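I am opening a notebook on a structure that is new to me. My plan is to look up a few things one by one and to write down what each look-up returns.

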Amino acid sequence: MIDLRNVSKTYHTPAGTLPALRDITLHVEGGEFVVVTGRSGSGKSTLLNVIGGIDRASSGVVSVAGTSVNESSERALARWRCSTVGFVFQFFQLLPTLTALENVMLPMDFLGKRPLNTRRAYALELLTRVGVADEANRLPAALSGGQQQRVAIARALANDPPVLIADEPTGNLDSETAQAVVALLDLLTDAGTTVLVATHDHEISRRATQRFTLCDGRFDRGLHP
């Protein structure tokens, strides 16, 4: 499902070049729960962005769900992201002027794959799946952090992507809510979704089928529980 070979990413800044990833090789099968750990600045978010097509690798091969990410045009990549990769961010990134239901419907409207008259019902089904259907008509500001993260997960699943990428998904949640989010990620992998998480959360790390530690843009070690 995810195949990286000798991937590097270098940013060019006024202060000089900044190597964020160095010669990363990674292979992930479909339905795996993969965790990437490491200190802030180690390259975790860059790795997720390269895999998800938000950023392009400077060198190497990035293949996700059969698509060569680095070789795709920007237009093709935007549509590919919408259909193939769901993103969950630490700070939720919900649109503040849209209700929870409308936030979940938005990716369906962008892709246009699902019939228009079914999108509302499917968005409500996803909100039910993550346990916040009662909040469907509320704006994000009226929701707790845990509720917003659940809505963000529902939005990430809107187009049934085979890959879910989460960057510190429990970083702003209390322990009880964080456990509920981790349990939800477990259910997604049980259903066949490939989940890739960057986190400091030991509870998430404990659930991983593969676990890697990044240090200065390199894999420090790989554990295969």
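How far apart in helix α7 are E203 and R206? I looked this up with the reminder that the model is a predicted one. The two residues are 3 apart in the helix, which covers residues 202-207, and this means that about one helical turn separates E203 from R206. They form a salt bridge, in which the closest N and O atoms are 2.9 Å apart. I then looked up how open each partner is, and found E203 partly exposed at 26% relative accessible area, whereas R206 counts as exposed at 58%. Salt bridges with shared partners join these two residues with D186 and R207 into one network.

**Other salt bridges**

I next searched the whole structure for pairs of this kind, and the search returned 10 salt bridges. As a general reminder to myself, side chains of opposite charge can pair when their charged atoms come close.

One of the pairs is D160 with R114, whose side chains meet at 2.7 Å, N to O. I wanted to know where the partners sit, and found D160 in the loop between α5 (145-156) and β7 (163-167), while R114 is in the loop between α3 (100-111) and α4 (116-129), so the salt bridge ties together parts that are 46 residues apart in sequence. D160 itself counts as partly exposed, with a relative accessibility of 42%.

Another pair is R5 with D3, for which the closest N and O atoms are 3.5 Å apart. Both partners turned out to be partly exposed, R5 at 44% relative accessibility and D3 at 23% relative accessible area.

**Helix α6**

I turned to α6, which runs over residues 175-190 and has 16 residues. From its first C-alpha to its last, α6 reaches 23 Å, and I noted that this is close to the 22 Å expected at 1.5 Å a residue.

Which residues of α6 are buried? My list for the helix reads T177, A178, V181, V182, L184, L185, D186, L188 and T189. D186 is thus buried in α6, and it is also a member of the salt-bridge network noted above. When I asked what covers the buried residues of α6, the elements that came up included β3 (33-37), α4, α5, β7, β8 (194-198) and α7.

I also looked at what lies at the ends of the helix. At the N-terminal end, D174 acts as a cap, with a side-chain oxygen 3.1 Å from the backbone nitrogen of E176. After α6 comes G192, which has a positive phi, near 105°.

**Helix α3**

What do the buried residues of α3 pack against? I found that they pack against α2 (74-84), α4 and α5. The buried residues in question are A100, L101, N103, V104, M105, P107, M108 and L111. Beyond α3 lies G112, and here too I wrote down a positive phi, near 75°.

**Two single residues**

T46 has its place in helix α1, residues 44-51. Its relative accessible area is 13%, under the 20% cut-off, so I count T46 as buried. Leaving out residues up to four places away in sequence, I found T46 touching K9, Y11, A20 and L21.

G131 lies in the loop between α4 and α5. With a relative accessible area of 55%, over the 50% cut-off, G131 is exposed. I also looked up its distance to A154, which is 23 residues away along the chain, and the C-alpha atoms of the two are separated by 9.7 Å.

**The chain as a whole**

I ended with the overall figures, beginning with the elements, of which the chain has 7 helices and 10 strands. Its radius of gyration is 17 Å, close to the 17 Å that the globule rule gives for 225 residues, so the chain is as compact as a globular protein of that length. Along the principal axes, the C-alpha atoms fill a box of roughly 45 × 40 × 35 Å.

Of the 225 residues, 48% count as buried. The accessible surface comes to about 10700 Å², and 50% of it belongs to carbon and sulfur atoms. My last look-up concerned contacts between residues at least 6 apart in sequence, and 68% of these join residues at least 24 apart.

Conventions. Residues are numbered from 1 along each chain as its sequence is written. This is a predicted model: local features need pLDDT of at least 70, side-chain atom pairs count only at pLDDT 80 or more; totals for chains, interfaces and linings use all residues. Side-chain values use heavy atoms; hydrogens and water are left out. A salt bridge is a side-chain nitrogen of Lys or Arg within 4 Å of a carboxyl oxygen of Asp or Glu. Buried means under 20% relative accessible area, exposed over 50%, partly exposed in between (1.4 Å probe, protein chains only). Helices (H or I, at least four residues) and strands (E, at least two) are DSSP runs, numbered from the N terminus. The expected span of a helix is 1.5 Å times one less than its number of residues. Contact means heavy atoms within 4.5 Å. A polar contact is a pair of N or O atoms within 3.5 Å; within protein, one must be able to donate a hydrogen and the other to accept it, and residues adjacent in sequence count only if both atoms are side-chain atoms. The radius of gyration is taken over C-alpha atoms; the globule rule is 2.2 Å times the number of residues to the power 0.38. Accessible areas come from the Shrake-Rupley method with a 1.4 Å probe; for residues, only the protein chains shown count as cover.
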